[in-house]
Amino acid sequence: MQPFANLRILDFTTLLPGPFATMYFADWGAEVLRIEAPDREDLSRKTPPFANGTSTTHAFLNRSKKSLSLDLKDPSAVVKVQELVRDYDVVIEQFRPGVMTKFGLDYESLKKINPRIIYCSLTGYGQSGAYKDRAGHDINYAALSGLAAMTGTRATGPALHGTPVCDLAGSFHAMFGIMTALYHRERTGEGQYVDVSITDASLMLSGLWAQMGLAAGKSPSWESTALNGGSFYGYYRTKDQRYLSVGGLEPKFVMRFLELIGAKDLPIMNPEATREVKAGIADRIVTKTLAEWQEVFGAADACVEPVLSIDEIIKSPLLAQRDMVVSVPCGDGQSQKQLASPIKYSSFRPVYRHIGVKLGQT
């Protein structure tokens with residue numbers, strides 16, 4: 001029995017933030033029906049590369065979901081949604097504030113039809129405040145939440161994360177918000193509205209640093225903490241132009257690391273000597289290839305690991321050992337390899353019914 005086998009979700013989201021959140025619910029058994037505009041195709045459907053005739057991005061984010069094509073500007077489409085919401089538990093939408101109100105599909109309207117509905121709005125800046133109507137993407141949320149101020153160097157400024165960290169922060173907070181509201185409904189019978197701002201969620205990722213400013217009046221920036229360049233903690237280039245990640249912060253890991261690279265003399269615990277220490281480590285790491293360092297650190301308890309390419313990661317034993325790759329049906333007798341749900345339960349397993357479907361396919 002899947003935990004959300006009887007849960008039904010109407011999904012009005014696109015691209016990454018909303019679909020990533022509802023993918024988890026679908027993995028756990030929920031029926032997720034995506035409401036998609038016939039004339040404004042979700043860009044994830046067009047994102048290359050393609051496999052089995054479908055964008056790999058769309059196939060992954062929208063697995064096990066159904067699709068219904070509706071033009072919400074058409075009054076009959078609004079009536080259709082109003083009919084559907086009677087039998088659904090959750091609505092999640094990703095429009096700018098006020099758009100669903102124009103359609104007559106906002107929370108206040110839909111709760112009159114279904115008082116138990118959980119309605120989640122996932123937006124860049126939330127439903128209130130001066131920024132609520134502004135457009136934005138991951139890089140903007142990082143800029144406004146402190147993440148960009150902590151990732152980079154003084155010499156080069158902010159660094160791109162390489163993955164949409166802020167969008168994913170919004171995804172997870174939307175998921176937590178919906179599950180909390182569902183739990184509340186189980187106890188009280190009461191539905192409710194959930195307002196999730198991707199920027200707010202991203203700010204929580206900077207919570208340790210923001211708290212320094214809030215409580216102690218200290219505002220860290222690039223290369224000012226142990227985790228963002230203010231210590232030896234970091235990436236070091238090897239002889240063959242690969243990289244090692246060095247993350248041992250505790251003294252026992254530090255001592256073991258220094259021993260294995262032959263640098264026990266480095267003043268690694270002296271914060272005033274950070275630049276000297278990093279240069280000393282770099283000088284030693286660059287003398288061996290990544291493979292040679294893997295031999296050195298393979299059995300060592302020192303918090304040192306190779307920086308793997310995506311190709312190496314998907315072929316690594318770690319994924320297989322953790323059952324992190326699954327074969328998802330494509331509907332034509334074929335299957336597509338995808339990442340599995342990362343949470344392991346003792347009582348049930350996630351379900352992977354099919355990859356993302358064509359527009360309007362239920």
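This passage describes the nonpolar cores, three helices with their packing partners, and one long-range contact in a predicted model.

The largest nonpolar core holds 34 residues, and the members that touch the most others are Leu7, Ile9 and Phe25. Several elements each contribute at least two residues to this core: helices H1 (17-27), H6 (138-145) and H8 (165-188), together with strands E6 (90-93), E7 (118-123) and E10 (192-197). Helix H8 provides the largest share, seven residues. A second core lies apart from this one; it has 21 residues, including Phe12, Leu70, Val78 and Met100.

The surroundings of isoleucine 9 can be listed residue by residue. When neighbours within four places in sequence are left aside, isoleucine 9 is in contact with Thr22, Phe25, Ala30, Glu31, Val32, Leu33, Tyr88, Val90 and Ile92. Phe25 thus appears among the contacts of isoleucine 9, and Phe25 is also one of the three residues that touch the most other members of the largest core.

Helix H9 spans residues 198-205. Its buried residues are Ile198, Thr199, Ala201 and Ser202. Viewed down the axis of H9, these residues fall within an arc of 160°, so they line one face of the helix. Asp200 and Met204, on the other side of H9, are exposed. The buried residues of H9 pack against H1, E7, H6, H8 and E10, and also against helix H7 (147-150).

The packing of H9 against H6 can be described further. In general, a pair of packed helices is described by the angle between their axes and the distance between the axes. For H6 and H9, the axes come within 9 Å and cross at roughly 55°. This angle makes H6 oblique to H9. The crossing of the two helices, H6 and H9, is right-handed. On the H6 side, the residues that meet H9 are Tyr141, Leu144 and Ser145; on the H9 side, they are Ile198, Thr199, Ser202 and Leu203. Of these H9 residues, Ile198, Thr199 and Ser202 are listed as buried.

Helix H13 covers residues 290-297, and Leu290, Trp293 and Phe297 are buried in it. These three residues cover an arc of only 60° around the axis, which puts them on the same side of H13. The elements that cover the buried residues of H13 include strands E12 (243-246) and E13 (304-306) and helices H11 (251-261) and H12 (274-285).

One of these covering elements, H11, also forms a helix pair with H13. The axes of H11 and H13 come within 11 Å and cross at roughly 130°. The two helices, H11 and H13, are therefore oblique to each other, and their crossing is right-handed. In H11, Phe257, Leu260 and Ile261 meet Trp293, Val296 and Phe297 of H13. Trp293 and Phe297 are also buried residues of H13.

The last feature concerns leucine 359, found in the segment after strand E15 (335-339). Leucine 359 has a relative accessible area of 37% and is therefore partly exposed. Leucine 359 is 322 residues away from alanine 37 in sequence, while the C-alpha to C-alpha distance between them is 8.9 Å. Not counting residues up to four places away in sequence, leucine 359 touches Glu36, Ala37, Pro38, Arg45, Ser67 and Ser69.

Note on methods
Residues numbered from 1 in each chain as written. Predicted model: local features only at pLDDT ≥ 70, side-chain atom pairs only at ≥ 80, totals over all residues. Heavy atoms only, no water. Buried < 20%, exposed > 50% of the residue type's maximum accessible area, 1.4 Å probe, protein only. Helix = DSSP H or I, 4+ residues; strand = E, 2+ residues; numbered from the N terminus. Arc of directions from axis to C-beta. Contact = heavy atoms within 4.5 Å. Core = buried A, V, L, I, M, F, W, Y, C linked by side-chain atoms within 4.5 Å. Axes fitted to C-alpha atoms, helices over the stretch in contact; angles between N-to-C directions. Parallel < 35°, antiparallel > 145°, perpendicular 65-115°, else oblique. Left-handed = near helix turned anticlockwise from the far one by under 90°.
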